[in-house]
Amino acid sequence: MKKLLYVALAALMLISCDPNGPKIDSKDKKMLDKASKNVLSLIGKDKKEVKAAFEKAGWEDASYLGEVPKRFQKNMKYDATTSAIFVYGDLEGFVEAMMEEDEEAIDEWLEQMIKDKKIFAEMMVGFDGKKLIGGECHMFVGNEYENINNLYLNFSKNVYKSIKDPDWAGELIEWDDYKAEKEPDSFTAKKRDKFEAEFAELDVPYVTEEALGENSNGDDVYYGLQWGLMQSELSKEMAEDFCEGAFYFGIPK
């Protein structure tokens, strides 16, 4: 009887485990899953509630780093009266590396992230008074993880499903073709399934998508997503060692 129980439990674990999921830390996976399903519902919420939600999910308030740079608001499509910064991951190491103002120090920090198999994300949010009106997040993760691109796909699916009747569009292309400025494949909401299937076939994808719709509170919202090898100014030397994701969202103008 006990042996049969063990066999049944083992079968249940195999069924519940996604063999195509990225092999990341369970804490990171839980945070990304929760964030992707719930972040758009924070639109219109009070600053204290937003802060509490981020901290409960494992983010740290790093607003002491300063105001959100204006260049980040080009994707957020709004003018915030106040802003805040939240960080997930090695905040202390990030601050120390940036204070060095030296690319070598940043490379050392990034190399340590790969060694420790960590995810780092910085979320910049804007408020109109005390109400959240949007944000932009940049995330970095070493690309040596098995099935790492499905980290993006899982996040994308959850955000897409979190809004009602989305007016959605996406573009896909292999990274080398993107760098060669070739035309990507384009998709609409009617071909969302084809988009997901084609994404899974790409070796090194570059993807962008945008959508408009209603969140779970009935508010009009938009979001955008990007994913590919690292393009930021953090480090040119380690560009091929990291995947970089960008996520921006807010209230449409």
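**Figure 1. Trp59 and its partner Phe54.** W59 is a buried residue in this predicted model, with a relative accessible area of just 6%. What about F54? It counts as buried because its relative accessibility is 6%, and the cut-off for buried is under 20%. The rings of F54 and W59 make an edge-to-face pair, with 5.6 Å from centre to centre and 80° between the planes. Look around and you'll find company: ring pairs tie F54, W59, F86 and Y88 together as a cluster. Across the model, the count of aromatic pairs comes to 17.

**Figure 2. Two tyrosines, stacked.** How far apart are the ring centres of Y178 and Y206? They sit 3.8 Å from centre to centre, with 20° between the planes, so the pair counts as stacked, the label for planes under 30 degrees apart. This pair links distant parts of the chain: Y178 belongs to helix α8 (residues 175–179) and Y206 to strand β7 (residues 205–214), 28 residues apart. Is each one buried or partly exposed? Y178 is partly exposed at 27% relative accessibility, while Y206 is buried at 11%.

**Figure 3. Charges over rings.** Here are two spots where a charged side chain meets an aromatic ring. K47 puts its charged end over the ring of F127, 5.0 Å from the ring centre. In the other, R192 lies over the face of Y160, and the distance to the ring centre is 4.5 Å.

**Figure 4. The largest nonpolar core and a separate one.** The largest nonpolar core holds 50 residues. Which residues have the most contacts inside it? They are L40, W59, Y223, W227, F247 and F249. Helix α7 (residues 149–161) gives the most to this core, chipping in 6 residues. Take Y223 as an example: setting aside neighbours within four places in sequence, its contacts include L40, V159, Y160, I163, W168, F247 and F249. E209, E210, A211 and Y248 are also among the contacts of Y223. There is a second, separate core too, made of 17 residues, including V95, W109, F120 and F140.

**Figure 5. Inside the second largest pocket.** This pocket has about 390 Å³ of space. It is lined by 27 residues, and those closest to its centre are M31, A35, V39, W59 and F155. Yes, that's W59 again, the buried residue from the opening view. Which element gives the most to the lining? That's α2, with 5 residues. At least two lining residues come from each of α2 (26–38), α3 (47–56), β3 (119–128), β4 (131–142), α7, β8 (220–229) and β9 (242–250).

**Figure 6. Helix α5 and what it packs against.** Helix α5 covers residues 91–100, and its buried residues are L91, G93, F94, V95 and A97. One of them, V95, also belongs to the second core. What do these buried residues pack against? Their partners are β1 (60–61), β2 (82–88), α6 (103–116) and β3. Just past the end of α5, E101 takes a positive phi of about 50°.

**Figure 7. Stepping back to the whole chain.** The protein chain has 9 helices and 9 strands. Of its 253 residues, 46% count as buried. Among contacts with a separation of 6 or more, 70% join residues 24 or more positions apart.

Conventions
Residues are numbered from 1 along each chain as its sequence is written. Side-chain values use heavy atoms; hydrogens and water are left out. Rings of Phe, Tyr and Trp (its six-membered ring) pair if their centres lie within 6.5 Å; planes under 30 degrees apart count as stacked, over 60 as edge-to-face and the rest as tilted. Buried means under 20% relative accessible area, exposed over 50%, partly exposed in between (1.4 Å probe, protein chains only). Helices (H or I, at least four residues) and strands (E, at least two) are DSSP runs, numbered from the N terminus. A charge sits over a ring if NZ of Lys or CZ of Arg is within 6 Å of the ring centre and within 35 degrees of the ring normal. A nonpolar core is a set of buried Ala, Val, Leu, Ile, Met, Phe, Trp, Tyr and Cys residues joined through side-chain atoms within 4.5 Å. Contact means heavy atoms within 4.5 Å. On a 1 Å grid over the protein atoms alone, a cavity is a set of points where a 1.4 Å probe fits but cannot get out, and a pocket is an open set with protein on both sides within 12 Å along at least five of seven lines; lining residues have an atom within 4 Å of a point. Grid points are joined across faces, edges and corners, and a volume is the space filled by probe spheres set on the points.
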